[in-house]
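Got your viewer open and a hand on the mouse? Let's take a walk through this model, one selection at a time.

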Amino acid sequence: MRTLSSKRVMKWTGLLLLVTIMLVAAGCGSNSGDTADNNEGASETGESQTLRVASSLPAMVDMMEALKPTLKEEGIELEVVNVSDNIQPNDALKNNEVDANFFQHQVFMQQYNENADANLTVVTPIYHIIYGGYSKNYDSIDALPEGATIAIPNDPANIGRSLAMFDQNGMIKLKEGVGTDGLQSDIVENPKNYKFQEVDLLMLARAYEDVDLVTMYPAYASPLGLTPKDAIVTEELDEKYAISLVAREDNKDSEAIQKLAEVLTSDEARKYIEEKHPDTMIPAF
C-alpha cells in the first residue's frame, strides 16, 4: 500500500507541475503580446511616445528643437537624429531606423523612391525656401557674360528645378512640356551659350568663388554671408518644392506622426519661421 500511495503522490505531483508550467508559459506569451500592444497604444494610456526624426541641416534641426516642449505636452518625446548628408535620412527612414525625416521636398523624395524602391511619402509641407542663383562678380542676370559658367546641383530633381528657374527668367528655353523635369539635353534655346556645370549639392558653396553663377539653397548660401536677397535670379514658389515632413506609407497616419505634423504646422511653428528665418523661409501652411 505504501508503494501504491507513493506512486499516486508522484503521479499527482507530476500533473500539478505540468499544469503550473503551462500556466506560466501562457502568462509569458500574454505578457509579450501586451508589451507590443502597449508600445503601439502608448498615447491611449497617457504614456509618452518617442519619435526619431532625421534631418541634415541646422535650420530644420533648430526648428524641431524649439518645438520639443510643445510636442512633449502632446505626449511625444522627439529625438532629432542629425546626419551629415542628403542620403542618410531617407535610407534610415526606409530601413525603419527612424520614424520620419524633415529635410527634403517632394520631388527629391520621389526620385529617391524610384531609385531605391522605397515607399516614402509626404505627410505635410512645412515651409518654402527661396531657391536662387548667386554671383560673386555680377549683380544681375543681364550682366552675365557670353559663355558664362553656371554651377547647378547634379541630381536630376535639382537639375530640373534649376533649369526651370532659368527658363522662367528668360535665360534659356526648355522643350515645351518639360516643366521642372528638364535636363541639359532639353534646352532648345541658349542665346548667351551658358555652360552648365553639374556639381554635388553639398559642394556648390565652394563653386561660388570659381564660376559666374551658382544655384544654391539658403542653407548653403548662409555660410558665405548670403541670403536670398543677394540672389540675382530666383524661382516662382511651387508646393512640390516645399520642405516637408516625410514618413513611410506604413506609419504616415499613425497618431504620433499626425501630432508631429500638427505641431510643425501650428501657429507656434509659423511664428518661429517668420521670426527666426524671415529672409529665407516662407510657411507652406
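Here is a tour in five stops, from the whole chain down to single side chains.

**The whole chain**

Before you click on anything, keep in mind that you are looking at a predicted model. Show the chain as a cartoon and you should be able to pick out 9 helices and 13 strands. The chain has 285 residues, and 46% of them are buried. Now think about which parts of the chain touch. Take the contacts between residues at least 6 apart in sequence: 72% of these join residues at least 24 apart.

**Strand 10 and its partners**

Select residues 213-216, which make up strand 10. Turn on the side chains: Leu213 and Thr215 point one way, while Val214 and Met216 point the other way. Whichever way they point, all four are buried. That back-and-forth pattern is what you'd expect, because side chains in a regular strand alternate between the two faces of the sheet.

Which strands pair with strand 10? Add residues 132-134 to your selection: this is strand 5, and it pairs with strand 10 in the antiparallel sense over 3 bridges. Then add residues 149-153, or strand 6, which runs parallel to strand 10 and is joined to it by 2 bridges. Zoom in on Val214, since it turns up in both pairings. On the strand 5 side, Val214 is the bridge partner of Tyr134. On the strand 6 side, Val214 is the bridge partner of Ala151.

**A glutamine in helix 4**

Next, select residues 106-116 to light up helix 4, and find Gln111 within it. Is Gln111 buried or exposed? Its relative accessible area is 18%, so with the cut-off for buried set at under 20%, Gln111 counts as buried. Look at what is around it, skipping neighbours within four places in sequence: Gln111 is in contact with Asp155, Pro156 and Ala157.

**Salt bridges**

Time to look at charges. Side chains of opposite charge can pair when their charged atoms come close. Across the whole structure, a search finds 10 salt bridges, and here are some to visit.

Start with Asp279 and Lys229, whose side chains meet at 3.4 Å, N to O. Asp279 sits in the loop between helix 9 (267-276) and strand 13 (281-283), and Lys229 in the loop between helix 7 (218-221) and strand 11 (233-234), so this pair ties together parts that are 50 residues apart in sequence. Switch on a surface and check the two ends: Asp279 is partly exposed at 31% relative accessible area, while Lys229 counts as exposed at 68%.

Now hop to Glu249 and Lys252, which form a salt bridge with an N to O distance of 3.1 Å. Glu249 is partly exposed at 40%, and Lys252 is partly exposed too, at 24%.

One more: select Lys72 and Glu77, where the closest N and O atoms are 4.0 Å apart. Lys72 is exposed at 54%, and Glu77 is partly exposed at 30%.

**The hidden space**

For the last stop, head for empty space. Rolling a probe the size of a water molecule over the atoms shows where such space is left. How many cavities of 30 Å³ or more are there? The count comes to 1, and its volume is about 140 Å³. To find it, select Asn86, Phe103, Gln104, Leu201 and Tyr217, the closest to its centre of the 13 residues that line it. Colour the lining by class and you get 9 nonpolar residues, 4 polar ones and no charged ones.

Definitions and conventions:
Residues are numbered from 1 along each chain as its sequence is written. This is a predicted model: local features need pLDDT of at least 70, side-chain atom pairs count only at pLDDT 80 or more; totals for chains, interfaces and linings use all residues. Side-chain values use heavy atoms; hydrogens and water are left out. Buried means under 20% relative accessible area, exposed over 50%, partly exposed in between (1.4 Å probe, protein chains only). Two strands pair if DSSP finds at least two bridges between them. Contact means heavy atoms within 4.5 Å. On a 1 Å grid over the protein atoms alone, a cavity is a set of points where a 1.4 Å probe fits but cannot get out, and a pocket is an open set with protein on both sides within 12 Å along at least five of seven lines; lining residues have an atom within 4 Å of a point. Grid points are joined across faces, edges and corners, and a volume is the space filled by probe spheres set on the points. Ala, Val, Leu, Ile, Met, Phe, Trp, Tyr, Cys and Pro count as nonpolar, Asp, Glu, Lys and Arg as charged, and the others, Gly among them, as polar.
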